[in-house]
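User: Could you take a close look at one loop of this protein for me, and then at what surrounds that part of the fold? I'd enjoy a connected walk-through rather than a list.

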Amino acid sequence: MFTDDWKRLISDAAEVGVKKVQCIGGQPTLHPDFEALVNRALVLGLAVQVYSNLYRVKLERWELCMRPRVTVATS
């Protein structure tokens with residue numbers, strides 16, 4: 001899916017009452033539009049859980065993950 005598809009899906013999820021989205025699969029923090037997608041969810045009032053293997057997470061991604069309503073999970 002393209003970034004606009006993900007943004008539309010996040011918006012649709014919020015409209016139907018979803019409260020939390022989970023970013024998972026591969027290493028989601030490496031997605032070039034990761035910040036924009038997380039911000040989209042937060043602006044819509046959704047909580048975000050980032051599921052990461054914690055390997056090679058850039059500093060700016062950690063700063064994003066420290067925002068209110070964002071949590072990090074790992075295996």
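Analyst: Happy to! Let's start with L54, which sits in the loop between β2 and α3. Please keep in mind that this is a predicted model.

The backbone of L54 is worth a look: its phi is positive, at about 65 degrees, although the residue is not a glycine. Most residues other than glycine have a negative phi. L54 has a relative accessibility of 39%, so it counts as partly exposed. R56 belongs to the loop between β2 and α3 as well, and R56 also has a positive phi of about 65 degrees without being a glycine. With 57% relative accessibility, R56 counts as exposed.

What does this loop meet? One partner is Q27, which lies in the loop between β1 and α2. Leaving aside residues up to four places away in sequence, Q27 touches S52, N53, L54, Y55 and V57. Q27 is buried, with a relative accessible area of 12%, which is under the 20% cut-off.

L54 has a second role to follow, in the lining of a cavity. The count comes to one cavity of 30 Å³ or more, and about 30 Å³ of space lies in the largest cavity. Its lining is made up of T29, V50, S52, L54, V57, W62, C65 and V72. By type, those lining residues are six nonpolar and two polar, with no charged residue. So S52, L54 and V57 appear both among the contacts of Q27 and in the lining of this cavity.

C65, another of the lining residues, leads us to the cysteines. The count of disulfides comes to zero. The cysteine sulfur closest to that of C23 is in C65, and at 8.6 Å it is too far away for a bond; the cut-off for a disulfide is 2.5 Å. C65 is likewise in no disulfide, its nearest cysteine sulfur being that of C23. Both cysteines are buried, C23 at 19% relative accessibility and C65 at 10%.

From C23 we can move on to the largest pocket, which has a volume of about 340 Å³. Its lining has 16 residues, and those nearest the centre are W6, I10, Q22, C23 and L37. The elements giving two or more residues to this lining are α1, β1 and α2. In chemical terms, the lining of the pocket holds 13 nonpolar residues and three polar ones, with no charged residue.

L37 brings us to helix α2, which spans residues 34-43 and has F34, L37, V38, A41 and L42 as its buried residues. Viewed down the axis of α2, these buried residues fall within an arc of 135 degrees, so they line one face of the helix. The general geometry fits that picture: an α-helix has 3.6 residues a turn, so residues three or four places apart point the same way. The buried residues of α2 pack against α1 (3-15), β1 (20-23), β2 (47-51), α3 (59-65) and β3 (70-73). Just after α2 comes G45, with a positive phi of about 85 degrees.

That returns us to the starting point: β2 and α3, the elements on either side of the loop that holds L54, are among the packing partners of the buried residues of α2.

Conventions:
Residues are numbered from 1 along each chain as its sequence is written. This is a predicted model: local features need pLDDT of at least 70, side-chain atom pairs count only at pLDDT 80 or more; totals for chains, interfaces and linings use all residues. Side-chain values use heavy atoms; hydrogens and water are left out. Buried means under 20% relative accessible area, exposed over 50%, partly exposed in between (1.4 Å probe, protein chains only). Helices (H or I, at least four residues) and strands (E, at least two) are DSSP runs, numbered from the N terminus. The arc is that of the directions from the helix axis to the C-beta atoms. Contact means heavy atoms within 4.5 Å. On a 1 Å grid over the protein atoms alone, a cavity is a set of points where a 1.4 Å probe fits but cannot get out, and a pocket is an open set with protein on both sides within 12 Å along at least five of seven lines; lining residues have an atom within 4 Å of a point. Grid points are joined across faces, edges and corners, and a volume is the space filled by probe spheres set on the points. Ala, Val, Leu, Ile, Met, Phe, Trp, Tyr, Cys and Pro count as nonpolar, Asp, Glu, Lys and Arg as charged, and the others, Gly among them, as polar.
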